[in-house]
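Trainee: Got a minute to go through a model with me? I'd like to start with a charged pair and work outwards.
Mentor: Fine, put it up.

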Amino acid sequence: MENVGKIDDKVLENFFEAGYDKEKLVDSIVAIGEKAITNMLPNVTKIPIDFPEAAPLN
């Protein structure tokens, strides 16, 4: 996010050396994007939550 989608070659190399493949890279990018969208939408739109808030876990 901070680098606007650009990644240092060494970071990518470390990712693959850790045993991950291109499919896991795509999965990771999609998961990060989904989290960014679901965090940004309510903050930007100010649409109220339309379901009961969950009770805190103890």
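Trainee: How accessible is lysine 35?
Mentor: Lysine 35 has a relative accessibility of 49%, so it counts as partly exposed. Keep in mind that this is a predicted model.

Trainee: And which residue does lysine 35 form a salt bridge with?
Mentor: Glutamate 34. The closest N and O atoms of the two are 2.8 Å apart. Glutamate 34 is partly exposed too, at 37% relative accessible area.

Trainee: How many salt bridges does the count come to?
Mentor: The count is 2. Besides the one just discussed, lysine 10 and glutamate 13 meet through their side chains, at 3.4 Å from N to O.

Trainee: Why would those two end up within reach of each other along the helix?
Mentor: They sit 3 residues apart in helix α1, which covers residues 9–17, so about one helical turn separates them. Lysine 10 is partly exposed at 44% relative accessibility, and glutamate 13 is partly exposed at 38%. In general, side chains of opposite charge can pair when their charged atoms come close.

Trainee: What's the overall charge tally?
Mentor: There are 6 positive and 11 negative side chains. The centres of the two sets lie 3 Å apart.

Trainee: Switching topic: what secondary structure is there?
Mentor: The chain has 2 helices and 0 strands. Helix α2 spans residues 22–45.

Trainee: How does the radius of gyration compare with that of a compact globule?
Mentor: The chain has 17 Å, whereas a compact globule of 58 residues would be near 10 Å. Along the principal axes, the C-alpha atoms fill a box of roughly 45 × 30 × 20 Å.

Trainee: What share of the residues counts as buried?
Mentor: 0% of the 58 residues. The cut-off for buried is under 20% relative accessible area. The accessible surface is about 5800 Å², and 63% of that belongs to carbon and sulfur atoms.

Trainee: Any distance that gives a feel for the layout? Say, how far is threonine 38 from glutamate 17?
Mentor: Their C-alpha atoms are separated by 31 Å, with the two positions 21 residues apart along the chain. Threonine 38 is in helix α2 and is partly exposed, with a relative accessible area of 41%.

Trainee: Now the aromatics. How many pairs does the structure hold?
Mentor: It holds 2 aromatic pairs. In one of them, phenylalanine 15 and phenylalanine 16 have ring centres 5.7 Å apart and planes at 75°, so that pair is edge-to-face. Phenylalanine 15 also pairs with tyrosine 20, and that pair is stacked, at 4.8 Å centre to centre with 25° between the planes.

Trainee: So which residues make up the cluster?
Mentor: Phe15, Phe16 and Tyr20 form one aromatic cluster. Phenylalanine 16 is partly exposed at 30% relative accessibility, and tyrosine 20 is partly exposed at 44%.

Trainee: Last topic, backbone. Which sign does phi have at valine 4, positive or negative?
Mentor: Positive, about 50°, although valine 4 is not a glycine. Most residues other than glycine have a negative phi. Valine 4 lies in the segment before α1 and is exposed at 69% relative accessibility.

Trainee: And what about phi at lysine 46?
Mentor: Lysine 46 has a positive phi of about 60°, and it is not a glycine either. Lysine 46 is in the segment after α2 and is exposed, with a relative accessible area of 65%.

Notes: Residues are numbered from 1 along each chain as its sequence is written. This is a predicted model: local features need pLDDT of at least 70, side-chain atom pairs count only at pLDDT 80 or more; totals for chains, interfaces and linings use all residues. Side-chain values use heavy atoms; hydrogens and water are left out. Helices (H or I, at least four residues) and strands (E, at least two) are DSSP runs, numbered from the N terminus. The radius of gyration is taken over C-alpha atoms; the globule rule is 2.2 Å times the number of residues to the power 0.38. Buried means under 20% relative accessible area, exposed over 50%, partly exposed in between (1.4 Å probe, protein chains only). Accessible areas come from the Shrake-Rupley method with a 1.4 Å probe; for residues, only the protein chains shown count as cover. Lys and Arg count as positive and Asp and Glu as negative; His and the chain ends are not counted. The place of a charge is taken as NZ of Lys, CZ of Arg, CG of Asp or CD of Glu. A salt bridge is a side-chain nitrogen of Lys or Arg within 4 Å of a carboxyl oxygen of Asp or Glu. Rings of Phe, Tyr and Trp (its six-membered ring) pair if their centres lie within 6.5 Å; planes under 30 degrees apart count as stacked, over 60 as edge-to-face and the rest as tilted.
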